[in-house]
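Welcome! Here is a short tour for anyone meeting this structure for the first time. Please keep the sequence and the 3D view at hand as you read.

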Amino acid sequence: MATLTQPHAHTRAPAAVRRPVLRHLGPNWYAAVMGTAIIANAGAGLPFHVPGLSGVWALSLAMLVVLLVARAGHWLHHRDQARSHLLDPTVAPFYGCTSMAFLAVGIGSLSVGAGLIGESAAVPLAWVLYGVGTAMGLVAAVAVPYLMVARHDVAPGSASPVWLLPVVAPMVSATLGPLLVPHLPAGQAREAMLLGSYAMFGMSLLATLVILPVVFSRLIHRGALPLFLTPTLFLVLGPLGQSTTAVNKLADVADGSIAAPYADGMGAFAVLYGVPVMGFALMWLALAVAMAVRAARRGMGFAMTWWAFTFPVGTCVTGAEGLARHTALHAFDWLAVALYALLVTAWLVAGFHTVRGLVNGRLLAAPVKK
């Protein structure tokens, strides 16, 4: 005789049953934290006061905490899916976003957060975010390219701007580092932080110069990206705007951190490097906008890739602000204001669709196989 019994309440259910909402939560979600933090960071450097920036920064910090908890749940309950993400060449590069989310919130901690939580809390928080974000960024900058070479099956002609994400992370560290220099003792500590940031600037820049020609070659020879990937063209702006921002931030603190000849040279380099790179960034922005308009006309729907419209544009805002400081040219102020208007518009659109997608469950559903 068979006996039917109810399962005990403490019986462990399969991971996918226990936390199904987390199964498809990938590292690309950190782009929303980056895109929110850059609203505060970029707004702080405009030639006029923008209200509410500390609140936006607090929102980005809250988003980071919530996402960290959710991603921990993803690894705990869906380890098979998390490992498959690492072995997927289309997903693994997004691990660079994890680092950049920490660093972007860290920059905001010093630029606007101090006015909300006080400098005594903002500075230690920035150090923690810098330490964690930099460590993760340096690991991602090596580990993701290693996986692409040794473990991933990368199809010919599949190069994507997404490949830039892990190698751009050290460039964001090179931007936050100078903000921490004044909080270090004068002498060896400040010079080490300054030159260490320059080393990460070079690391990221040269890696970008390796990857970008491959991406452009793919566009020329294979045609436009799939519609949902078209926004990733804006990711190219990231290393351009962030590197311009970094050299200007480094020049801001060079005096008093390193010997005079080098300090003067860093100030000159900020302009001589930043102006041509900003020119190229504007050219690429025009190309990316044209491709996005083309994709929209062909039915491009919302995807999390739309967050690529935010952070990269924001780095161009902060780059223009830095050039305005070092050249005293009002044209760069106006450029920063125009780009900031574009950034805020993109943030509002991406944020609205993300909230709506979370409410209706579409964004966390299993991807549709085509």
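What follows looks at aromatic rings, cysteines, a loop residue and a helix.

Before we set off, please note that this is a predicted model.

**Aromatic rings**

Let us begin with the rings. A pair of aromatic rings is described by the distance between the centres and the angle between the planes. The model has 10 aromatic pairs. One of them joins F201 and Y273 in an edge-to-face arrangement, with 5.5 Å from centre to centre and 80 degrees between the planes. This pair links distant parts of the chain: F201 belongs to helix α8 (residues 188-222) and Y273 to helix α10 (residues 260-297), with their positions 72 residues apart in sequence. F201 and Y273 are both buried. They also have company, as ring pairs connect Y198, F201, F269 and Y273 into a cluster.

**Cysteines**

How many disulfides does the structure hold? The number is 0. To see why, take C97 and C316 in turn. A disulfide needs two cysteine sulfur atoms within 2.5 Å. For C97, the closest cysteine sulfur is that of C316, 16 Å away, so the two are too far apart for a bond. Looking from the other side, C316 has its closest cysteine sulfur in C97, again at 16 Å and too far for a bond. Both cysteines appear in the table below, together with L46, which comes up next.

| Residue | Relative accessible area | Class |
|---|---|---|
| C97 | 2% | buried |
| C316 | 5% | buried |
| L46 | 8% | buried |

**A loop residue and its contacts**

Where does L46 sit? Look in the loop between α2 (30-43) and α3 (53-77). L46 is buried at 8% relative accessible area. Leaving aside residues up to four places away in sequence, L46 touches V317, E321, A336, V337 and Y340. One of these contacts, A336, is 290 residues from L46 in sequence, yet their C-alpha atoms are 7.1 Å apart in space.

**Helix α2**

Our last stop is the helix on one side of that loop. Helix α2 has 14 residues, and the distance from its first C-alpha to its last is 20 Å, close to the 20 Å expected at 1.5 Å a residue. Is α2 enclosed or open to the outside? Because 14 of its 14 residues are buried, α2 is largely enclosed by the rest of the structure.

Note on methods. Residues are numbered from 1 along each chain as its sequence is written. This is a predicted model: local features need pLDDT of at least 70, side-chain atom pairs count only at pLDDT 80 or more; totals for chains, interfaces and linings use all residues. Side-chain values use heavy atoms; hydrogens and water are left out. Rings of Phe, Tyr and Trp (its six-membered ring) pair if their centres lie within 6.5 Å; planes under 30 degrees apart count as stacked, over 60 as edge-to-face and the rest as tilted. Helices (H or I, at least four residues) and strands (E, at least two) are DSSP runs, numbered from the N terminus. Buried means under 20% relative accessible area, exposed over 50%, partly exposed in between (1.4 Å probe, protein chains only). Contact means heavy atoms within 4.5 Å. The expected span of a helix is 1.5 Å times one less than its number of residues.
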